[in-house]
Amino acid sequence: MAQSAQLNASILKKVAMALSGIFLITFLALHVSLNFISILSEDVFNEASHFMGYNPLIQYVMQPVLAFGVIFHFVMGFVLTAQNSAARPIAYAKYNGAANASWSSRNMIISGLVILAFLGLHFYDFWFPEVNYKYIAGEVPNATRYYGELVHKFHDPIRTGLYCVSFVLLGFHLWHGFASSLQSMGMHNKYSRFLAKVGYWFAVVVPAAFVIIALFHHFNN
């Protein structure tokens, strides 16, 4: 009975982890779409960023939900990693990880930690200055400032390189994470193979788009 309850709790944790991951994937799709506009049109990017920055629904509802989703996903990831390690207290005498699983699946915790560090840098570069601008310094809204602020961050080659490396590891994380999420939610039907392919394409296209954005602004401004 106790083992059954423990198994059910473990399944629920994995499903919750999967759902939070899919939620964050939808945010990534929106975020990369907005940022890619900066390559196409400075004016449209400023307008879209200003709308996102001062829309009450986005700022006071969606942003806190997003913050909770990020924290929940990472905490649950550490919990599940610790749980899996505890379930195998004795290491296998002979274990060839590369023969049994891909690099991305074997190193999800590593890519996750790098992404967490990247989020810290991203908050330092964009979120904290935004909070200071609007709520601490109380500056008058300026709908033309966003493009210049974005471009300025990519002048430094070291910072640009850190962003690009983080995006590559994000791709590895997504590559395994999307398929793992579908498996955790028990999606084994005629659509699962198609959805897995969509996930693999997403894991390539979205990080590549972020890298293109960073390199474009580094070399063109």
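Helices are taken here as DSSP runs of H or I spanning at least four residues, numbered from the N terminus. In this predicted model, the protein chain has nine helices and zero strands, and its elements, read along the sequence, follow the pattern α-α-α-α-α-α-α-α-α.

Of the 221 residues of the protein chain, 35% count as buried. The accessible surface of the chain comes to about 13,700 Å², with carbon and sulfur atoms accounting for 70% of that area. When contacts between residues at least 6 apart in sequence are considered, 81% of them join residues that lie at least 24 apart.

On the surface, a nonpolar patch of about 820 Å² is made by F23, L57, Y60, V61, M62, V65, Y135 and I136. Two elements, α3 (56-87) and α6 (108-136), each give two or more residues to this patch. The largest share, amounting to five residues, comes from α3.

Among the residues of the patch is M62, which is placed in helix α3. The relative accessibility of M62 is 44%, and this residue therefore counts as partly exposed, since that class lies between the limit of under 20% for buried residues and that of over 50% for exposed ones.

Definitions and conventions
Residues numbered from 1 in each chain as written. Predicted model: local features only at pLDDT ≥ 70, side-chain atom pairs only at ≥ 80, totals over all residues. Heavy atoms only, no water. Patch = residues over 30% accessible without salt bridge, like charges linked within 9 Å, V, L, I, M, F, W, Y side chains within 5 Å. Areas by Shrake-Rupley, 256 points an atom, 1.4 Å probe, with all protein chains shown as cover. Salt bridge = Lys/Arg side-chain N within 4 Å of Asp/Glu carboxyl O. Buried < 20%, exposed > 50% of the residue type's maximum accessible area, 1.4 Å probe, protein only. Contact = heavy atoms within 4.5 Å.
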